[in-house]
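Here are a few worked exercises to try with the model open in your viewer. Have a go at each task before you read its solution.

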Amino acid sequence: MLIKLNKGDEIDILAPSSFIEKEDDFTKGIEILKQWGLSINLNNALFKRVGYFAGDDETRFKELIKAQNSKLIIFAKGGWGSARLLEKDPTWANGLMLGFSDTCSLLLSKYSQGYFGSIHGPMVTSLCKEP
């Protein structure tokens, strides 16, 4: 199954674990995605802060499930909190999901349930550091 992004496609940015510390890197990453012609959907939990997480587990889980129909879910940044969302047994759908580091727990969960589109690659906060 080939999933291709086109200019104008709406994508979702999620923070399934740690909150965004380096807002400058995040903003630069958003600008890169916009330069590619993508429409950005920023969810309500991106800038929440509960301890060192981007919101509590329930809020982050709901945002993950809500974004399942997106052509691309790109994670804002990593952090071990993403694995905590697997305790709630997420329901996956086909579509692209992009991240690395601890968000691989989500990528692999999706893949292990037979859904395609898990991509190990840059997150929003690291896009501006890519060649």
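## Around Ile74

Not counting neighbours within four places in sequence, Ile74 touches Ile11, Asp12, Ile13, Leu14, Leu33, Leu98, Pro122, Met123, Val124 and Leu127. Keep in mind that this is a predicted model.

**Exercise 1.** Work out which nonpolar core Ile74 belongs to and which elements feed that core.

*Solution.* Start with the largest nonpolar core, which has 19 residues; Ile13, Phe26, Leu33 and Ile74 are the ones that touch the most other members. Next, look at who supplies it: S1, H1, S3, strand S4 (96-99) and H5 each give at least two residues. H1 makes the largest share, with three residues. There's also a second, separate core of 13 residues, and Leu64, Ala67, Phe75 and Leu107 are among its members. As a general backdrop, nonpolar side chains in soluble globular proteins tend to be buried together.

**Exercise 2.** Lay out the strand order of the sheet and find its edges.

*Solution.* Go across the open sheet and you read S2-S1-S3-S4-S5, five strands with parallel pairing. The edge strands are S2 (39-42) and S5 (118-120): each has a single partner strand, so one side of each lacks a neighbour in the sheet. On average, neighbouring strands are turned by 25° against each other, direction ignored.

Now zoom in on the pairs. S1 (residues 10-14) and S3 (residues 72-75) are joined in the parallel sense by three bridges, and Ile13 has Ile74 as its bridge partner in S3. Helix H1 (residues 23-35) packs on this sheet, where it touches S1, S2 and S3, and its direction makes about 145° with that of S2. S1 and S2 are also parallel, over four bridges; here Asp12 has Asn41 as its bridge partner in S2. To get from S1 to S2 the chain passes through H1, giving a right-handed β-α-β crossover.

**Exercise 3.** Is Leu127 buried or exposed, and what does it touch?

*Solution.* First place it: Leu127 is in helix H5 (residues 124-127). Its relative accessibility is 8%, and the cut-off for buried is under 20%, so Leu127 counts as buried. Then list its contacts beyond four places in sequence: Gly29, Ile32, Leu33, Trp36, Ile74 and Pro122. Finally, check a long-range pair: Leu127 and Asp25 are 102 residues apart along the chain, yet their C-alpha atoms are separated by 8.0 Å.

**Exercise 4.** How many disulfides does the structure hold, and where does that leave Cys104 and Cys128?

*Solution.* Searching the whole structure turns up zero disulfides. For Cys104, the nearest cysteine sulfur is that of Cys128, 19 Å away, whereas a disulfide needs the two sulfurs within 2.5 Å. Now compare the surroundings: Cys104 is buried at 17% relative accessible area, while Cys128 counts as partly exposed at 27%.

**Exercise 5.** Which residues of H4 are buried, and what covers them?

*Solution.* Helix H4 spans residues 104-112, and its buried residues are Cys104, Leu106, Leu107, Ser109 and Lys110. The cover over them includes helix H2 (57-66), S3, helix H3 (81-84), S4 and S5. To finish, step just past the end of H4: Gly114 takes a positive phi of about 90° there.

Terms used
Residues numbered from 1 in each chain as written. Predicted model: local features only at pLDDT ≥ 70, side-chain atom pairs only at ≥ 80, totals over all residues. Heavy atoms only, no water. Buried < 20%, exposed > 50% of the residue type's maximum accessible area, 1.4 Å probe, protein only. Contact = heavy atoms within 4.5 Å. Pairing = 2+ DSSP bridges. Axes fitted to C-alpha atoms, helices over the stretch in contact; angles between N-to-C directions. Right-handed = clockwise from strand over helix to strand, strands pointing away. Core = buried A, V, L, I, M, F, W, Y, C linked by side-chain atoms within 4.5 Å.
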